[in-house]
Amino acid sequence: VLRTARNDYKNSTPAIILTAYQDTKHLKESFESGVDDYIKKPFDLEELDQRILKLCRQFSNEQDENIKIDNNIIFEPLSCKISKDSKIISISPKVRDILKYFCTHKNKIVSSEELLQNIWTYDEMPTDATIRVYIKNLREIIGKDKITTIRAVGYKFEQR
C-alpha cells in the first residue's frame, strides 16, 4: 500500500511502520517501499511519540524560515505574515499552516483529506466548505494563479 501511495500518487505523507517482525528482511522491504521510520513491537508509547515529533519537525516544521513565493511575495511563517508589494499582511495560524504545507508540497496535488490530517487535530475537524474558505482567503492574498483546484482530487500550489 505504501509503495503504491508513494509511486502512483506521489504521496509524501510521513509513514511509520509498527511491526511484530524482528528480522531485517521486513525492515529492508519497508524502507524500500518508502517508509520514514520503523518500530518493532513491543515499543514504548513515549518512543512512538518522539519519533512522530521528529517526523513532524523533519517534514513540516522545517519551513520556519522566510519563503519567497514570487518576486513580490515573501511568506514569514514564524510571524504569521506575508509581505506583498512591500505591504505586510497578517494571517491566522491556520492560514499560515496551510500555506506552509503547500510550500512543503509545492507543485504536487494535495487533497482536502491530506490537509485535514496534517493541519487539524481530531477534535477540530472542519468541513470541506471550511477548507474551501481558507483556500479562497489564501488565494486573495497570494494570487488566484498560485493555487489551482484539481476537481474531485484537491489543490495544487504553484511555486516557481
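The second largest pocket of this predicted model has a volume of about 200 Å³. If you would like to find it on screen, select the residues that line it: A5, Y9, K10, N11, S12, H105, K108, I109, V110, S111, E114 and V153. Sorted by class, this lining holds 5 nonpolar, 4 polar and 3 charged residues.

From the pocket, let us turn to the aromatic rings. A pair of aromatic rings is described by the distance of the centres and the angle of the planes. Searching the whole structure turns up 3 aromatic pairs. One of them joins F31 and Y38: the ring centres lie 6.4 Å apart and the planes meet at 35°, so this pair counts as tilted. How exposed or buried are the two partners? F31 has a relative accessible area of 41% and is therefore partly exposed, while Y38, at 7% relative accessibility, counts as buried because the cut-off for that class is under 20%.

Another pair brings W120 together with Y134, with ring centres 5.7 Å apart and planes at 55°, so it is tilted. Here the contact links distant parts of the chain: W120 sits in the loop between α5 (112-119) and α6 (128-142), whereas Y134 belongs to helix α6, and the two are 14 residues apart. As for accessibility, W120 is buried, with a relative accessible area of 7%. Its partner Y134 has a relative accessible area of 22%, so Y134 is partly exposed.

Terms used:
Residues are numbered from 1 along each chain as its sequence is written. This is a predicted model: local features need pLDDT of at least 70, side-chain atom pairs count only at pLDDT 80 or more; totals for chains, interfaces and linings use all residues. Side-chain values use heavy atoms; hydrogens and water are left out. On a 1 Å grid over the protein atoms alone, a cavity is a set of points where a 1.4 Å probe fits but cannot get out, and a pocket is an open set with protein on both sides within 12 Å along at least five of seven lines; lining residues have an atom within 4 Å of a point. Grid points are joined across faces, edges and corners, and a volume is the space filled by probe spheres set on the points. Ala, Val, Leu, Ile, Met, Phe, Trp, Tyr, Cys and Pro count as nonpolar, Asp, Glu, Lys and Arg as charged, and the others, Gly among them, as polar. Rings of Phe, Tyr and Trp (its six-membered ring) pair if their centres lie within 6.5 Å; planes under 30 degrees apart count as stacked, over 60 as edge-to-face and the rest as tilted. Buried means under 20% relative accessible area, exposed over 50%, partly exposed in between (1.4 Å probe, protein chains only). Helices (H or I, at least four residues) and strands (E, at least two) are DSSP runs, numbered from the N terminus.
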